[in-house]
Amino acid sequence: MDIFEVIQLSAKEIQRITPDQAWHYHVVPVPVGYTEQADFFISSQKNTVQTQEDLEIIFGSGPVLLEMEHDAILKLLAKYYRKEHQTGSTNTLSYDSSSDDFLKKLIVEAKQIQSSDIHMEIYEAKCRVRLRIDGLMVERFIIDQAHYPSLVNRIKIMAHLDISEKRLPQDGRIFFQFGEGKFDIRVSVLPTLHGEKIVLRLLNQDATNINIETLGFAETDLENYLDSTKRKQGLILISGPTGSGKTTTLYATLKLLNKTTRNILTIEDPVEYTLEGINQAQLKESIGFNFGSALKTFLRQDPDIIMVGEIRDQDTANMAIRLSLTGHLVLSTIHTNSAWGTVARLIDMGVPPFLLAGTLSVSVAQRLVRLLCPHCKSKTAFNAIDYPKGYKPLKPVEYQYISVGCAECYYTGYRGRKAVYEVIPVDYEMADCIKNAIFDVSDKLKERKINTLSDNAFYLFAEGTTSLDEIYSLLVNF
């Protein structure tokens, strides 16, 4: 077995040395239990004596070094001490969580390696920091329990929250700037059994690179979706779980619709991107400025297009319907499992079916799937027994691509994510199904050659873009 597969480093072991030190000296900590003699693995191409002298100055004692193949060290460095591919820079992060710059460098590192969220958690025996990268959680640091409360207070102060309140959840916002980069951070504080858990969501303000044509729509789905955006009134709904890319799809649509001849208003919680030419309002429920009250005000603002961050309740749903009935194009998101499940959800909220049938232009569902790294994915024979039980593939698949891992993907086997869509345009016949509360429309979708989420996910797998593991849960009909 490859030594790379044998060595598994914990967060505590990783933080024995900073990324800059690891890459400079080409050393990696030896995991507990691997050997009793050595402290660090060192590349066979490095000067062991000189490195040992330097590390003795850094750590105050002489560490024992164990030589390892140069390629194996590079693999471990790429996996456990990530750095940007573009600049090759790493972040010299102090592991003393009590230091003043720990939080700043943590946020910078998370941004550099394209993490979407930072989780700070406290338990009975330890405190840890985890990062969400490409949708998966990765443990990054272990924090001294004595330093955790001061770290929490530092975040609260930056987010303008009450540091004396430790019994109730709090939400705040940090405007973060380093060098020429700047972005917003949404802060959520949750009291737990052993203390307060904090989640920092890193929001990207730059919407210039968002393009509706590169998000992942299939050709027919994109045509149907764009057709609904050309109407002057109606309701466009995008559904999916948290973190499925709904907001990105909305902003790509707004960017497409953003013309000087149109008045576009948005109400969001939070404002994740800023777009020049669009009037964006931030929700403030603490003072009564919620989705419902904002939409009532929007009616007096002479809008052409309105974007509602999320339909959460009956009041917001009814206001969105009312706005679309009065000659406005309304875009919003909702939490459902499928595009047609949105209809059942809105009816359950109390929206009259005949009103929904007259306003809904298109219903979209989406998910995000990780893409196989194009540099290292491997082709292998495929056995249909690996499909979920009862699943009937759209066409035979003889070969599949599986994840391997290389320096380009930090040895995860995946690089980047792509949205998978299900787009149902509402024509007269589909509107009649809404009026009569018909929730099984699978036959009508087949007649119209509309692909479901599972269909589009299957095609990504069949063409070798992603693995079966990534789309396994989607290969069922919702």
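**Exercise 1. Two packed helices**

H8 and H9 are oblique to each other in this predicted model; explain why, and describe the contact between the two helices.

*Solution.*
Step 1. Helix H8 covers residues 219-229 and helix H9 covers residues 246-257. The two helices pack at an angle of about 55°, and their axes are 11 Å apart.
Step 2. Angles under 35 degrees count as roughly parallel, and those from 65 to 115 as roughly perpendicular. The angle of about 55° falls in neither range, and H8 and H9 are therefore oblique to each other.
Step 3. The crossing of the two helices is right-handed.
Step 4. On the side of H8, the contact is made by Tyr225, Leu226 and Thr229; on the side of H9, by Thr249, Thr253, Leu256 and Leu257. Sorted by class, these residues are four nonpolar and three polar, with no charged residue.

**Exercise 2. A sheet of six strands**

State the strand order of the open six-stranded sheet, and identify its edge strands.

*Solution.*
Step 1. The order is S6-S5-S4-S9-S8-S7, and the pairing is antiparallel.
Step 2. Strand S6 (136-143) and strand S7 (170-178) each pair on one side only, and they are the edge strands.
Step 3. On average, neighbouring strands are turned by 20° against each other, direction ignored.
Step 4. Within the sheet, strand S4 (residues 115-122) is joined to strand S5 (residues 127-133) by seven bridges. Ile118 stands opposite Leu131 in S5.
Step 5. Helix H7 (residues 148-158) lies across S4, S5, S6, S7, S8 and S9, and runs at about 45° to S9.

**Exercise 3. A sheet of three strands**

Which strands form the edges of the open three-stranded sheet, and which helix lies across S1, S2 and S3?

*Solution.*
Step 1. The strand order is S1-S2-S3, with mixed pairing. The edges are strand S1 (27-29) and strand S3 (65-68).
Step 2. Strand S2 (residues 40-43) pairs with S3 in the parallel sense over four bridges, and Ser43 stands opposite Met68 in S3.
Step 3. Neighbouring strands of this sheet are turned by 30° against each other on average, direction ignored.
Step 4. Helix H4 (residues 48-59) lies across the three strands and runs at about 135° to S3.

**Exercise 4. An aromatic pair**

Classify the ring pair of Phe217 and Tyr421, and locate both residues in the chain.

*Solution.*
Step 1. The whole structure contains twelve aromatic pairs.
Step 2. The ring centres of Phe217 and Tyr421 are 3.7 Å apart and the planes lie at 10°, so the pair is stacked.
Step 3. Phe217 belongs to the loop between S9 and H8, and Tyr421 to strand S18 (residues 414-425). The two residues are 204 residues apart, and the pair links distant parts of the chain.

Terms used
Residues are numbered from 1 along each chain as its sequence is written. This is a predicted model: local features need pLDDT of at least 70, side-chain atom pairs count only at pLDDT 80 or more; totals for chains, interfaces and linings use all residues. Side-chain values use heavy atoms; hydrogens and water are left out. Axes are lines fitted to C-alpha atoms, for helices over the stretch in contact, and angles run from 0 to 180 degrees between N-to-C directions. Angles under 35 degrees count as roughly parallel, over 145 as roughly antiparallel, 65 to 115 as roughly perpendicular and the rest as oblique. A crossing is left-handed if the near helix is turned anticlockwise from the far one by less than a right angle, and right-handed if clockwise. Contact means heavy atoms within 4.5 Å. Ala, Val, Leu, Ile, Met, Phe, Trp, Tyr, Cys and Pro count as nonpolar, Asp, Glu, Lys and Arg as charged, and the others, Gly among them, as polar. Two strands pair if DSSP finds at least two bridges between them. Rings of Phe, Tyr and Trp (its six-membered ring) pair if their centres lie within 6.5 Å; planes under 30 degrees apart count as stacked, over 60 as edge-to-face and the rest as tilted.
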